[in-house]
Amino acid sequence: MKKIEAIIKPFKLEEVREALSEIGIAGLTVTEVKGFGRQKGHTELYRGAEYVVDFLPKVKVEVVLNDDVVEQAVEAIIKAARTGKIGDGKIFVSAVEQIVRIRTGETGEAAI
């Protein structure tokens, strides 16, 4: 089992959700996050004063799934989240050792 964490632009969330849904992925977790990468934030003007916004709003999408659909899910996220501009985000894939469904006590793939 693998966990995919994708940091994307907030306005791309619905497109990513739909793309994952189309390949049969039903459950995901979404968190509003802030951060920066190579773009290093930007400067904004507020009431005549310039200030630097270091941390930009992003969305983190987390999905745990079977190994056989990981590549398909990564491709779906890339296709849906890409704008071609700086700040499109990143995808992290990591191994998941154990899953337990709290309500039923199911473990492993049955708990996904």
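This is a short tour of the structure, one selection at a time.

**Start with the whole chain.** Keep in mind that you are looking at a predicted model. Color by secondary structure and you should find 2 helices and 6 strands. Walking along the sequence, they come in the pattern β-α-β-β-β-β-α-β. The radius of gyration is 17 Å, well over the 13 Å that the globule rule gives for 112 residues, so the protein is more spread out than a compact globule. Turn the C-alpha trace around and you'll see that it spans about 55 × 30 × 20 Å along its principal axes. Of the 112 residues, 29% count as buried.

**Next, select I4, I8, V16, L20 and L65.** You're now inside the largest nonpolar core, which has 18 residues, and these five have the most contacts within it. Which elements each supply at least two residues of this core? They are β1 (2–8), α1 (13–22), β5 (56–65) and α2 (70–81). Of these, α2 gives the most, with 7 residues. The general idea is that nonpolar side chains tend to be buried together in soluble globular proteins.

**Zoom in on L65.** Ignore its neighbours within four places in sequence, and L65 still touches M1, K2, I4, I25, V70, A73 and I112.

**Move to helix α1.** Select V16, A19 and L20, the buried residues of this helix. Why do they sit on the same side of α1? They cover an arc of only 95° around the axis, which puts them together on that side. It fits a general rule: an α-helix has 3.6 residues a turn, so residues three or four places apart point the same way. Show β1, β5 and α2 as well, since they are among what covers the buried residues of α1. Then click on G24, which follows the helix and has a positive phi, near 95°.

**Finish with the charged pairs.** The structure holds 6 salt bridges, and here are some to try.

- Select E5 and K60: their side chains meet in a salt bridge at 3.4 Å, N to O. E5 lies in strand β1 and K60 in strand β5, so the pair ties together parts that are 55 residues apart in sequence.
- Select K12 and E15: this salt bridge is 3.2 Å, N to O. K12 is buried, with a relative accessible area of 9%, whereas E15 is partly exposed at 37%.
- Select R101 and E106: the closest N and O atoms of this salt bridge are 2.8 Å apart. E106 is partly exposed, at 31% relative accessibility, and R101 is partly exposed too, at 27%.

Note on methods: Residues are numbered from 1 along each chain as its sequence is written. This is a predicted model: local features need pLDDT of at least 70, side-chain atom pairs count only at pLDDT 80 or more; totals for chains, interfaces and linings use all residues. Side-chain values use heavy atoms; hydrogens and water are left out. A nonpolar core is a set of buried Ala, Val, Leu, Ile, Met, Phe, Trp, Tyr and Cys residues joined through side-chain atoms within 4.5 Å. Buried means under 20% relative accessible area, exposed over 50%, partly exposed in between (1.4 Å probe, protein chains only). Helices (H or I, at least four residues) and strands (E, at least two) are DSSP runs, numbered from the N terminus. Contact means heavy atoms within 4.5 Å. The arc is that of the directions from the helix axis to the C-beta atoms. The radius of gyration is taken over C-alpha atoms; the globule rule is 2.2 Å times the number of residues to the power 0.38. A salt bridge is a side-chain nitrogen of Lys or Arg within 4 Å of a carboxyl oxygen of Asp or Glu.
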